[in-house]
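Hi,

Here is the model I said I'd pass on. Have a look, and my notes on the strands and cysteines follow below.

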Amino acid sequence: MPVAASAIYFLNLRGDVLINRLYRDDVGGNMVDAFRMHIMQTKELGTCPVRQIGGCSFFYMRISNVYIVIVVSSNANVACAFKFVVEAVALFKSYFGGAFDEDAIRNNFVLIYELLDEIMDFGYPQNLSPEILKLYITQEGVRSPFSSKPADKPVPNATLQVTGAVGWRREGLVYKKNEVFLDIVESVNLLMSSKGSVLRCDVTGKVLMKCFLSGMPDLKLGLNDKIGLEKESQLKSRPTKSGKTIELDDVTFHQCVNLTRFNSEKTVSFVPPDGEFELMKYRITEGVNLPFRVLPTIKELGRTRMEVNVKVKSVFGAKMFALGVVIKIPVPKQTAKTSFQVTSGKAKYNPSIDCLVWKIRKFPGQTEPTLSAEVELISTMTEKKSWTRPPIQMEFQVPMFTASGLRVRFLKVWEKSGYNTVEWVRYITKAGSYEIRC
């Protein structure tokens, strides 16, 4: 595994070293001079955050009035290095009362050195969770006079939290009503031709959870993904029930998910953090159910007139509806006057974005509202340039609908005390980049 850092430096805007820590002996202590001479003094700080100078790689990031510079001499994991910097800054802010700048560093030298020793070992990042580190690094930082954030109270049972596998959840949580809220939020990205053929389409989704559960519960989530259902049928030695299955691509999980169990059983098992968190992200590239189909017809009648006809068909079920639907239809810059006829919603011309904006507050399923517009253009003496038609853009939000077809088959909660839980599941599909050429 490539290292993330051989040394780390904290510099002010003048290039003075505020604090530094060497983790490996493969770089010299004067490497920061090369950073000052070749990057800071040449004013190339904003061009690229990764530079190679004299056989060493420099990764740097500016936070407030401080430059954080990581130096490595061998092959390095750049993404891990920048992730380490972001998490380290969040950790420092939690100790300093929300502030991270040159003054905060000067006021907390001892604490920063202690934290730097804990969060990285020989160039490899370690635990950067503020909740865990505050259990055994109890020293409070010098807080900014402008910070109103109260100091976090240390969590009990430090040994279990530091050595156990559930550092993201503390023990002793008690709720009168045990509830779990699960949201599947998807964004549809589409590029469609003027004739209705799909040129590019995919769905990016995330599973959001909000847990208010007592104790240390173990949750098990079942989805209608193809691999999970096939594995379940193998374990139970019986065929799967009929129904749509989907193939999830590029799946990433929260650290609480038991990956060993997922690899063997293809089920999402986890001990959830308390409160709100993102359980998983995924992408779908095949079998996408488009919520809307747009059929535009734009005719240019001479140099001074245009006719615009747009039909939007909602493909989802008749009992469902979309909210906040906005269709932006581009028109030429020399538009002078417009007149509309719409069967639903309201439309107007917005000259700042050169678009006819059609808004439908509530869009029922299985309906086909239309817009007809006449556009008058300003006649110019100069030769008219051909109008490159930008695509029509849509914004929408469809509750209780998923473009991927993903569904929650079950959500099981087990806790040793055996309390009852209430589970809430919601589906939301939004427009990502939803464009139709006209």
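To start at one pairing: Pro330 has Cys355 as its bridge partner in E19. Before going further, note that this is a predicted model, where local features need pLDDT of at least 70 and side-chain atom pairs count only at pLDDT 80 or more, while totals for chains, interfaces and linings use all residues. Residues are numbered from 1 along each chain as its sequence is written, and side-chain values use heavy atoms, with hydrogens and water left out.

On terms: strands (E, at least two residues) are DSSP runs numbered from the N terminus, and two of them pair if DSSP finds at least two bridges between them.

**The nine-stranded sheet**

E16 (residues 321–330) and E19 (residues 355–364) are antiparallel partners, with nine bridges between them. E19 also pairs with E18 (residues 346–350), again in the antiparallel sense, through five bridges. Within that pairing, Lys348 is matched with Val357 in E19. The hairpin of E18 and E19 has four residues between the strands, and Asp354 there takes a positive phi near 55°.

These strands belong to an open sheet of nine, ordered E11-E13-E9-E8-E23-E21-E16-E19-E18, with mixed pairing. Its edges are E11 (249–253) and E18, each of which pairs on one side only. On average, neighbouring strands here are turned by 15° against each other, direction ignored; the axes behind that angle are lines fitted to C-alpha atoms, and angles run from 0 to 180 degrees between N-to-C directions.

Elsewhere in this order, E21 (residues 392–399) and E23 (residues 422–436) run antiparallel and are joined by six bridges. Val398 stands opposite Thr429 in E23.

**The four-stranded sheet**

There is also an open sheet of four strands, E14-E15-E20-E17, with antiparallel pairing. E14 (292–301) and E17 (335–342) each have a single partner strand, so one side of each is left without a neighbour in the sheet. The average turn between neighbouring strands of this sheet is 15°, direction ignored. E14 and E15 (residues 305–314) run antiparallel with ten bridges, and Lys299 has Glu307 as its bridge partner in E15.

**Cysteines**

How many disulfides does the structure hold? Zero, taking a disulfide as a pair of cysteine sulfur atoms within 2.5 Å. Cys56 is buried, at 6% relative accessible area, and Cys201 is buried too, at 18%. Buried means under 20% relative accessible area, exposed over 50%, and partly exposed in between (1.4 Å probe, protein chains only).

Cheers
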